[in-house]
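Welcome! Below are some short exercises, each followed by a worked solution. Keep the sequence and the 3D view side by side as you go.

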Amino acid sequence: IHNNTIDYTGIGLNSEAIDLTDVNGITVTSNIINVSNYAEGIETSVINRSNISYNNITVFGNRTGIVIFAGVSTVSVNNTLHGNNITIHSVQAAQEGIEFTRADNSNISNNRITVAAGENDGIYLAMSMGNNISNNTISTALLNSHGIYIDDESNNNSLTLNSIVTAGNDSYGIYLDEVNHINITNNDIN
C-alpha cells in the first residue's frame, strides 16, 4: 500500500483508514492519511514481518495514529515502524500516536509524533516485549500526556536516543508501570 492520499471520516467506533488483519510481510509506505470522527489512521491485528514507514498521519477526533495489536492468544511480531509523521488532535484521553498491544520484537524508530491535544501519549506499549524504540522525536502538550508510556508487563524493551518534550502538568517523558528489564539509554527529555 503505497503513495495514497486518504481523507477518512469514521462512522461510529472501530473505523480505520487502513485496516490490516492477519497479514504477513506487507509494506505500507508514503501515504498521506487524514482521519476524523473516531477513525484511526492504520490499525492492524495480528501482523508479522511488515513495514509501516514514511506515512504522514493526522488524527482529528478521538482515535490513534497507528495501532498494532493481537488478541489474547496471539502476538504480532517482527514489524518495523520507521519515519512516520503522526499528529494527534484528539481531545479524548488515551489516544496515542503509536500503540502496541501484544506486539513483540519490533522496531519503532525515527518517527515524529506530535500530541497537540488531550491526555494522550506519543508511544504506548502494553503486554509487548523485546521492542526497540529509538531515535523518535515526540512532543506532548497537555496534562497527563507522556512521551513514551510502557505499561502492563511490557518487559525487555529498549528506549534509546529518543528526543521527548512534555509541556503539561503530570506529564513524563518516559513513564513505566508494572514492567521489568527496560533499557533506557541516551534519551533527551525536557
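Two strands pair if DSSP finds at least two bridges between them. Strands are DSSP runs of E with at least two residues, helices are runs of H or I with at least four, and both are numbered from the N terminus. This is a predicted model, in which local features need pLDDT of at least 70 and side-chain atom pairs count only at pLDDT 80 or more, while totals for chains, interfaces and linings use all residues. Residues are numbered from 1 along each chain as its sequence is written, and side-chain values use heavy atoms, with hydrogens and water left out.

**Exercise 1. The sheet**

Work out the strand order of the open sheet and find its edges.

Step 1. The open sheet has eight strands in the order 1-4-7-11-15-18-21-24, and their pairing is parallel.
Step 2. Strand 1 (5–9) and strand 24 (188–189) are the edge strands, as each pairs on one side only.
Step 3. Look inside the sheet: strand 11 (residues 85–89) runs parallel to strand 15 (residues 112–115), and four bridges pair them. Here isoleucine 86 has isoleucine 113 of strand 15 as its bridge partner.

**Exercise 2. Following one strand**

Find the partners of strand 21 and sort its residues by face.

Step 1. Strand 18 pairs with strand 21 in the parallel sense over four bridges. In that pairing, threonine 137 stands opposite serine 163.
Step 2. Strand 21 is also joined to strand 24, again in parallel, by two bridges. Serine 163 has aspartate 188 in strand 24 as its bridge partner.
Step 3. Now sort the faces of strand 21 (residues 163–166): Ile164 and Thr166 make up the covered face, while Ser163 and Val165 make up the uncovered one.

**Exercise 3. An asparagine in a loop**

Is asparagine 136 buried or exposed, and what does asparagine 136 touch?

Step 1. Locate asparagine 136 in the loop between strand 17 (132–134) and strand 18 (137–140).
Step 2. Apply the cut-offs: buried means under 20% relative accessible area, exposed over 50%, and partly exposed in between (1.4 Å probe, protein chains only). Asparagine 136 counts as buried because its relative accessibility is 0%.
Step 3. List the contacts (heavy atoms within 4.5 Å). Not counting residues up to four places away in sequence, asparagine 136 touches Ile108, Ser109, Asn110, Asn111, Ile123, Leu161, Asn162 and Ser163.

**Exercise 4. The nonpolar core**

Which residues touch the most other members of the largest nonpolar core?

Step 1. Recall the term: a nonpolar core is a set of buried Ala, Val, Leu, Ile, Met, Phe, Trp, Tyr and Cys residues joined through side-chain atoms within 4.5 Å.
Step 2. The largest such core has 34 residues, and Ile66, Ile98, Ile123 and Ile148 touch the most other members.
Step 3. Zoom in on isoleucine 98: beyond its neighbours within four places in sequence, its contacts include Ile66, Leu81, Ile86, Ile113 and Ile123.

**Exercise 5. Tyrosine rings**

How many aromatic pairs are there, and which residues form the aromatic cluster?

Step 1. Set the rule: rings of Phe, Tyr and Trp (its six-membered ring) pair if their centres lie within 6.5 Å, with planes under 30 degrees apart counted as stacked, over 60 as edge-to-face and the rest as tilted.
Step 2. This rule gives three aromatic pairs. In one of them, the rings of tyrosine 124 and tyrosine 149 have centres 5.1 Å apart and planes at 80 degrees, so the pair is edge-to-face. Tyrosine 124 is in strand 16 (residues 123–126) and tyrosine 149 in strand 19 (residues 148–151), so the pair ties together parts 25 residues apart in sequence.
Step 3. For tyrosine 172 and tyrosine 175, the ring centres are 5.6 Å apart and the planes at 25 degrees, so this pair is stacked.
Step 4. Compare burial. Tyrosine 124 is buried at 15% relative accessible area, and tyrosine 149 is buried at 15%. Tyrosine 172 is partly exposed at 41%, and tyrosine 175 is partly exposed at 28%.
Step 5. Put the rings together: Tyr124, Tyr149, Tyr172 and Tyr175 form one aromatic cluster.

**Exercise 6. The whole chain**

How many helices and strands does the protein chain have?

Step 1. Count the secondary structure: zero helices and 24 strands.
Step 2. Turn to burial: 52% of the 190 residues are buried.
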